[in-house]
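User: I have a model open and would like to know the reasoning behind the words used for it. Could you take me through them?

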Amino acid sequence: MPIESSSAFTRTAASPQTQPPAAVPGPIISAQRLGKVYGSGKVRVEALREVSFDVDPGEFVAIVGPSGSGKSTLFYILGGLTSATSGSLFIEGRDFSQLNDAQRTRLRRSHIGFVFQRFNLLPTISARSNVELAHEIAATGKPFDEQRFNHLCDLLKIKGRIEHRPSELSGGEQQRVAIARALITRPAILLADEPTGNLDSQNSEAVLSMLHSSSREMNQTVLMITHNPEAAQIADRILYMRDGQVLKIEPGKGRICREA
Ligand SMILES: Nc1ncnc2c1ncn2[C@@H]1O[C@H](COP(=O)(O)OP(=O)(O)OP(=O)(O)O)[C@@H](O)[C@H]1O
Ligand SMILES: [Mg+2]
């Protein structure tokens, strides 16, 4: 059963110092009856079934659900990294399935930032080079923003480790580098798969408040997968998944919430 979004959330206006992505009329993401089947015969897995929801520009949505419920599969489809088996996906009003590979890649690189569940940092180059490379690939035409980079490194507490390669970093440090990499380009949409999964409570809170302020100040749309019900409360809305389906969508508190 498709579940429609409600737009009943007011958003803080973008601060004058920042450059928010261009205003998009209507939802920035519209998922319509998305289905995903992996394999066939005995190994057939129906990972997503009729998943429908809309996300407004600047909205912060948390996606929660048990392991295997299809969260990462949804993340890959929303980011155009894999195709749905059925249904439609509109990003900024454009039908993803109607774009050719080059167009889809361009849209992804310029508009979407990813924090992967397994980080996906390039192992042979330093943390700094990983972030710089993301900026290059996004091809924004703007010079690398050293000030923003330093600001992100400060907030994420990775300044002293930035010249190290990923294998020389702890899991939590790699995760924070992956977050800096995703945010350096100021993407219109940030997809984050368990961004606090490897972090202690202090770093976790720093990352959550950074995502929250990105969403509020830059009108950035954030979709965050999390196992942590407290972390989910930072979102405007929480989308609950089970067995590849959207079980329900509820309002979040829109702020960091320490109590369960
Ligand atoms: N490449 C694949 N081939 C076959 N089955 C897959 C593949 N990727 C995922 N699946 C299956 O699809 C289902 C959904 O997987 P998915 O990774 O989306 O779950 P998840 O909600 O992200 O879980 P977790 O919380 O453990 O990360 C699972 O049953 C999984 O085994
Ligand atoms: Mg997952």
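User: What makes up the shell around ligand 1 by class?

Analyst: Happy to help, and please keep in mind that this is a predicted model. The shell around ligand 1 has 9 polar, 3 nonpolar and 1 charged residues. Of the 13 residues there, Tyr38, Ser67, Lys71, Ser72 and Thr73 come nearest. Tyr counts as nonpolar, Lys as charged, and Ser and Thr as polar, so Tyr38 is nonpolar, Lys71 charged, and Ser67, Ser72 and Thr73 polar.

User: Which elements supply at least two residues of that shell?

Analyst: They are β2 (45-55) and α1 (71-78). The largest share, 3 residues, comes from α1.

User: Why are α3 and α5 called roughly parallel?

Analyst: Start with the angle: helix α3 (residues 127-138) packs against helix α5 (residues 171-183) at about 25°, and their axes are 8 Å apart. Angles under 35 degrees count as roughly parallel, and therefore α3 is roughly parallel to α5.

User: Which residues make the contact between α3 and α5?

Analyst: From α3 come Ala127, Asn130, Val131 and Ala134, and from α5 come Val177, Ala180 and Arg181. By class, this contact has 5 nonpolar, 1 polar and 1 charged residues. Ala and Val count as nonpolar and Arg as charged, so Arg181 is the charged residue here. The crossing in which α3 passes α5 is right-handed.

User: How do you know that β4 and β5 pair?

Analyst: Two strands pair if there are at least two bridges between them. Strand β4 (residues 86-91) and β5 have 2 bridges, in the antiparallel sense, so the cut-off is met. In this pairing, Phe90 stands opposite Asp95 in β5.

User: What joins β4 and β5?

Analyst: The two strands form a hairpin with 2 residues between them. Glu92, in the turn, has a positive phi of about 50°.

User: And over how many bridges do β1 and β4 pair?

Analyst: Strand β1 (residues 29-38) pairs with β4 over 5 bridges, again in the antiparallel sense. With at least two bridges needed for a pair, β1 and β4 qualify as well. Gln32 stands opposite Ser88 in β4.

User: What makes β2 and β5 edge strands?

Analyst: Look at the order of the sheet: 4 strands form an open sheet, β2-β1-β4-β5, with antiparallel pairing. β2 and β5 (94-95) each pair on one side only, and that makes them the edge strands.

Key:
Residues are numbered from 1 along each chain as its sequence is written. Chains are lettered from A and ligands numbered from 1 in the order in which they are written. This is a predicted model: local features need pLDDT of at least 70, side-chain atom pairs count only at pLDDT 80 or more; totals for chains, interfaces and linings use all residues. A residue is near a molecule or strand if its C-beta atom, placed from the backbone, lies within 6 Å of it. Axes are lines fitted to C-alpha atoms, for helices over the stretch in contact, and angles run from 0 to 180 degrees between N-to-C directions. Angles under 35 degrees count as roughly parallel, over 145 as roughly antiparallel, 65 to 115 as roughly perpendicular and the rest as oblique. A crossing is left-handed if the near helix is turned anticlockwise from the far one by less than a right angle, and right-handed if clockwise. Two residues are in contact if their C-beta atoms, placed from the backbone, lie within 7 Å.
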